[in-house]
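Let's take a walk through this fold together, starting with one small detail and working outwards. Keep the viewer open as you read.

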Amino acid sequence: MRVLVVQNYDNTGLGQVGAALAEAGADLDVRLPYKGDPLPDDATEHDAMVVLGGGQNALADDEYPYFPALLELTRDFAGKDRAVLGICLGSQLVARAFGGENRIGGANEFGWCGVSLTPDARADPVLAELPEMFPIFQWHDDTFDLPHNAVRLAGNEVADNQAFRVGRAIYGFQFHFEADRPMVKDWSTSFASTIASRHPDWAERLDGEMAVNGPDADAAGMAIARAWVATI
């Protein structure tokens, strides 16, 4: 199993998705196109692709000129019936690749927030075993309208489209299910100044919120990661 990992920003790793891929014995091909790494021309050499998050928005082609090629690559994976996973920015790019409209701003979430599954999620191979509602880590300002052929799988009051599927195994997750408690603590240190500028009380809130929400969020995230890996 060879998996292409497209990282779009510093310190945005695979987290629990990486753990699930390691369990499956996957060979990872990690590309950092924002630092100049080339993307593959097509999906031929890979069985799946993960597109990770970042601080930029999904329409920032001028600053990140590889975005159009990444959209085309996403469509090629779909055309070859190979699994794709987009997380946060990655989900916004997957939505854009299939004709969804990106909405910049107006959907601000940070910290552990609740999400609810849709009725369609009950029959979805990745989400069917999850609780109907669960907390999960969020960090985003933007959202999107679904592509016309997408199945909506989860939402909440801030962002109606929190998870979706296109075809058999093309998934987008607005929430950071890969971010377990160690990753959130790392982000809280690595991005401390950025977080403090918008959430000045986060350092004081972190441990308490992590104790309340972390165990359920980590369990849900790992279940999603393993179930998506099973689609490859």
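A polar contact here is a pair of N or O atoms within 3.5 Å, and within protein one of them must be able to donate a hydrogen and the other to accept it. With that in hand, and keeping in mind that you're looking at a predicted model, find Q138 and H140: their side chains are joined by a polar contact of 3.4 Å. Q138 sits in strand β7, which covers residues 133-140. Is Q138 buried or exposed? Its relative accessibility is 0%, so Q138 counts as buried. Once you set aside the neighbours within four places in sequence, Q138 still has plenty to touch: E109, F110, G111, C113, V115, N156, Q162, Q174, F175 and H176.

Now step back and look at the whole chain. You can trace 6 helices and 11 strands in it. Its radius of gyration is 16 Å, close to the 17 Å that the globule rule gives for 232 residues, so the chain is as compact as a globular protein of that length. Along the principal axes, the C-alpha atoms fill a box of roughly 45 × 40 × 35 Å. Of the 232 residues, 54% count as buried. The accessible surface adds up to about 9700 Å², and carbon and sulfur atoms own 49% of that. As for how the chain folds back on itself, take the contacts between residues at least 6 apart in sequence: 74% of them join residues at least 24 apart.

What about the inside? In soluble globular proteins, nonpolar side chains tend to be buried together. In this model, the largest nonpolar core has 50 residues, and the members that touch the most others are L127, F173, F175, F177 and W228. The top contributor to this core is helix α6 (residues 202-229), which gives 11 residues. F175, by the way, is also on the list of residues that Q138 contacts. W228 is worth a click too: leaving out residues up to four places away in sequence, W228 touches L21, A48, M49, V50, A83, V84, L85, V126, A169 and Y171. There's also a second, separate core of 26 residues, with M49, L73, A97 and F98 among its members.

Next, the charged pairs. How many salt bridges does a search of the whole structure find? The count is 17. One of them brings the side chains of R2 and D29 together, at 3.5 Å from N to O. R2 belongs to strand β1 (residues 2-6) and D29 to strand β2 (residues 27-31), so this pair ties together parts that are 27 residues apart in sequence. The two ends don't sit alike: R2 is partly exposed at 29% relative accessibility, while D29 is buried at 10%.

Two other bridges make a nice pair to look at. R152 and D160 form one, with their closest N and O atoms 3.0 Å apart; R152 is partly exposed at 29%, and D160 is partly exposed at 48%. D201 and R205 form the other, at 3.2 Å between the closest N and O atoms. D201 has a relative accessible area of 36%, which makes it partly exposed, and R205 is partly exposed at 24%. Finally, swing back to R2 and D29: through salt bridges that share partners, they join D27 and R31 in one network.

Conventions
Residues are numbered from 1 along each chain as its sequence is written. This is a predicted model: local features need pLDDT of at least 70, side-chain atom pairs count only at pLDDT 80 or more; totals for chains, interfaces and linings use all residues. Side-chain values use heavy atoms; hydrogens and water are left out. A nonpolar core is a set of buried Ala, Val, Leu, Ile, Met, Phe, Trp, Tyr and Cys residues joined through side-chain atoms within 4.5 Å. Buried means under 20% relative accessible area, exposed over 50%, partly exposed in between (1.4 Å probe, protein chains only). Helices (H or I, at least four residues) and strands (E, at least two) are DSSP runs, numbered from the N terminus. Contact means heavy atoms within 4.5 Å. A salt bridge is a side-chain nitrogen of Lys or Arg within 4 Å of a carboxyl oxygen of Asp or Glu. The radius of gyration is taken over C-alpha atoms; the globule rule is 2.2 Å times the number of residues to the power 0.38. Accessible areas come from the Shrake-Rupley method with a 1.4 Å probe; for residues, only the protein chains shown count as cover.
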